[in-house]
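Please look at the sequence and the structure together before reading on. The report below takes up a few residues, then a set of strands, and finally a pocket.

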Amino acid sequence: MLSCYNNFIKNQLIIIAKENQVCVSCLKKKPISTDKAPKAIGPYSAAVSTDQMVFTSGQLGMDPASGALVKGGIQAQTRQALTNLKFVLEAGDTNLDNVVKVTVFLQDMGEFSLMNEVYAEFFKKDCPARSAVQVAALPKNAAVEIEAIAIIPYKDADYDCHQEKWAEN
């Protein structure tokens, strides 16, 4: 088995040198959006894909149709934020099962257990790493905001930039 001994990032290419072979994988930055989740409320994207991963912006518990926070407190907002997150990830060719890291921003850490009950409905097995922090305030005076990082699963039929390409040096 060939062992990787060096990584270089240059001109949007990842080159991994392995003995007498070189792996080249394209990295393209692509903004992600969907009509199934609220539009960004500022100069940012709902998510950005790099062909191998999706990095989401924080999702609030906002109804995509009205743009208003859902009523019902922290649990309703957590459920809606995670539903919005699910749709953003799907627009980026991945899903909640492929999430590797979640960050939860809470307006009140005293509501952590209420948020966690709903969170457990969305992440049932092989849960991602997670951080949860209390913040002074959130946009629209929301109770919770949730962001995630997910991998994009390898597709056998996709031989463009999702598959490593090996060539002799």
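A residue is called buried when its relative accessible area is under 20%, exposed when that area is over 50%, and partly exposed in between. With a relative accessibility of 30%, Gln-52 therefore counts as partly exposed. The model shown here is a predicted one, and the values in this report are computed from it.

**Residues and their surroundings**

Gln-52 sits in the loop that links strand E5 (47-49) to strand E6 (53-56). Although Lys-28 is 24 residues away from Gln-52 along the chain, the C-alpha atoms of these two residues are separated by 9.1 Å.

Helix H1, which covers residues 73-91, contains Gln-80, and Arg-79 also has its place in H1. Are these two residues of the helix buried or exposed, or do they fall in between? Gln-80 has a relative accessible area of 18%, and because this value is under 20%, Gln-80 is buried. Arg-79, in contrast, has a relative accessible area of 35%, so it is partly exposed.

Which residues do the two touch, if neighbours up to four places away in sequence are left aside? Gln-80 touches Leu-60, Gly-61, Met-62, Asp-63, Pro-64 and Val-70, whereas Arg-79 is in contact with Val-118, Glu-121 and Phe-122. For the pair Arg-79 and Glu-121, the separation in sequence is 42 residues, while the distance in space from C-alpha to C-alpha is 8.8 Å.

**Two loop residues with a positive phi**

Most residues other than glycine have a negative phi. Asp-126 is not a glycine and yet has a positive phi, and Asn-141 likewise has a positive phi without being a glycine. The table sets out where each residue lies and how accessible it is.

| Residue | Phi | Loop | Relative accessible area |
|---|---|---|---|
| Asp-126 | about 45° | between H2 and E9 | 68%, exposed |
| Asn-141 | about 60° | between E9 and E10 | 57%, exposed |

**Strand E8 and its partners**

Strand E8 runs over residues 99-106 and is mostly covered, since 6 of its 8 residues are buried. How many bridges join E8 to strand E9, and in which sense do the two strands run? E8 and E9 (residues 129-134) run parallel and are joined by 6 bridges, and within this pairing Lys-101 has Ala-129 in E9 as its bridge partner. E8 also pairs with strand E10 (residues 144-151), this time in the antiparallel sense and over 7 bridges, with Thr-103 standing opposite Glu-147 in E10.

Helix H2 (residues 112-122) belongs to this picture as well, for E8, H2 and E9 together make a right-handed β-α-β unit. Both Glu-121 and Phe-122, which are in contact with Arg-79, fall within the residue range of H2.

**The largest pocket**

The largest pocket in the model has a volume of about 190 Å³. Its lining is made of 13 residues, and those that lie nearest the centre are Ala-40, Ile-41, Tyr-44, Gly-58 and Leu-60. Sorted by class, the lining of this pocket holds 8 nonpolar, 3 polar and 2 charged residues. Leu-60, one of the residues nearest the centre of the pocket, is also among the residues that Gln-80 touches.

Notes:
Residues numbered from 1 in each chain as written. Predicted model: local features only at pLDDT ≥ 70, side-chain atom pairs only at ≥ 80, totals over all residues. Heavy atoms only, no water. 1 Å grid on protein atoms, 1.4 Å probe; cavity = no way out; pocket = protein on both sides within 12 Å on 5 of 7 lines; lining within 4 Å. Points joined across faces, edges and corners; volume = space filled by probe spheres on them. Nonpolar A, V, L, I, M, F, W, Y, C, P; charged D, E, K, R; others polar. Buried < 20%, exposed > 50% of the residue type's maximum accessible area, 1.4 Å probe, protein only. Helix = DSSP H or I, 4+ residues; strand = E, 2+ residues; numbered from the N terminus. Pairing = 2+ DSSP bridges. Right-handed = clockwise from strand over helix to strand, strands pointing away. Contact = heavy atoms within 4.5 Å.
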